[in-house]
Amino acid sequence: MDAVARARHIGYPPRKVRLVAELVRGKNVEEALEILKYTQRAAAAPMSKTIRSAMHNMVNKKGGTVEAEDMIVKSIRVDEGRTLYRIRPRAQGRAYRIRKRSSHISVVVTMSDEKE
């Protein structure tokens with residue numbers, strides 16, 4: 001049985017969020033949250049929040065009989081969200097484009113094999 005949580009339009013580029021996702025993919029949920037707690041990257045906060053949401057979705061599915069150490073982060077997917085285009089004034093009346101990228105995070109949590 002799997003539980004899913006999604007965070008959409010996170011204000012960090014997918015390339016940077018994927019670096020954080022690689023740290024916790026396949027780990028125990030409790031261990032993943034501990035790793036993210038001490039990760040210096042800004043994308044660690046929304047990633048932690050999404051994993052915690054998936055964990056609570058699993059608890060609600062199972063009726064409150066499951067603990068965080070019994071769950072594993074089965075998969076984390078980071079997709080590209082919308083891009084906001086802004087303008088940076090440059091010399092001689094030119095304007096350069098600034099792309100503010102966003103991400104969609106999708107986390108799937110499952111029960112570990114020992115407890116099933």
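R86 stands opposite I98, a residue of β3. That pairing belongs to a long run of bridges in this predicted model: 16 of them join β2 to β3, and the two strands run antiparallel. Another pair in the same ladder is V78 of β2, whose bridge partner in β3 is I105.

On the other strand, β1, there is a ladder to β3 too. Seven bridges join β1 to β3, again antiparallel, and I10 has S103 as its bridge partner in β3. Put together, the three strands make an open sheet in the order β1-β3-β2. The edges are β1 and β2, each of which pairs on one side only. From one strand to the next, the twist averages 10 degrees. As for what holds such strands together, strands of a sheet pair through backbone hydrogen bonds, either parallel or antiparallel.

**How the chain is laid out**

Overall, the chain has three helices and three strands. Reading along the sequence, you meet them in the pattern β-α-α-α-β-β. Here is where each one that feeds the main nonpolar core sits.

| Element | Residues |
|---|---|
| β1 | 2-10 |
| α1 | 14-24 |
| α2 | 29-37 |
| α3 | 44-62 |
| β2 | 71-89 |
| β3 | 95-111 |

What about the overall shape? The C-alpha atoms fill a box of roughly 65 × 25 × 15 Å along the principal axes. A compact globule of 116 residues would have a radius of gyration near 13 Å, but this chain comes out at 18 Å. Of its 116 residues, 38% count as buried. Contacts also reach across the sequence: among those between residues at least 6 apart, 72% join residues at least 24 apart.

**Helices against the sheet**

Now for the helices. α1 packs on the sheet, where it touches β2 and β3, and its direction makes about 165 degrees with that of β2. α3 lies across β1, β2 and β3, running at about 150 degrees to β1.

How well does the length of α3 fit its 19 residues? At 1.5 Å a residue they should span 27 Å, and the end C-alpha atoms are 27 Å apart, so the two agree. Plenty of α3 is tucked away: A44, P46, M47, S48, T50, I51, A54, M55 and M58 are buried. The cover over those buried residues includes β1, α1, α2, β2 and β3. The spacing of such residues is worth a look with this in mind: an α-helix has 3.6 residues a turn, so residues three or four places apart point the same way. Just after α3, G63 takes a positive phi of about 85 degrees.

**The nonpolar core**

Which residues sit at the heart of the largest nonpolar core? It has 29 residues, and the ones with the most contacts inside it are V29, M47, I51, M71, I76, I105 and V107. All six elements in the table chip in, each with at least two residues. The largest share, six residues, comes from α3. V29 shows how the parts meet: leaving aside residues up to four places away in sequence, V29 touches I51, M55, A68, M71, I72, V73 and V109.

**A few residues to look at**

K74 is found in strand β2. Buried or exposed, or something between, for K74? With a relative accessible area of 49%, K74 counts as partly exposed, because that value falls between the 20% and 50% cut-offs. Setting aside residues up to four places away in sequence, K74 touches D2, V108, V109 and T110. The C-alpha atoms of K74 and V4 are separated by 9.9 Å, though the two are 70 residues apart along the chain.

Two other residues catch the eye for their backbone angles. Most residues other than glycine have a negative phi. H9, which is found in strand β1, has a positive phi near 60 degrees. H9 is partly exposed, at a relative accessible area of 34%.

The other is Q92, which has a positive phi of about 60 degrees although it is not a glycine. Where is Q92 found? Q92 lies in the loop between β2 and β3, in a hairpin with five residues between the strands. Q92 counts as exposed because its relative accessibility, 70%, is over 50%.

Conventions:
Residues numbered from 1 in each chain as written. Predicted model: local features only at pLDDT ≥ 70, side-chain atom pairs only at ≥ 80, totals over all residues. Heavy atoms only, no water. Core = buried A, V, L, I, M, F, W, Y, C linked by side-chain atoms within 4.5 Å. Buried < 20%, exposed > 50% of the residue type's maximum accessible area, 1.4 Å probe, protein only. Helix = DSSP H or I, 4+ residues; strand = E, 2+ residues; numbered from the N terminus. Contact = heavy atoms within 4.5 Å. Pairing = 2+ DSSP bridges. Axes fitted to C-alpha atoms, helices over the stretch in contact; angles between N-to-C directions. Expected span 1.5 Å × (residues − 1). Rg over C-alpha atoms; globule rule 2.2 N^0.38 Å.
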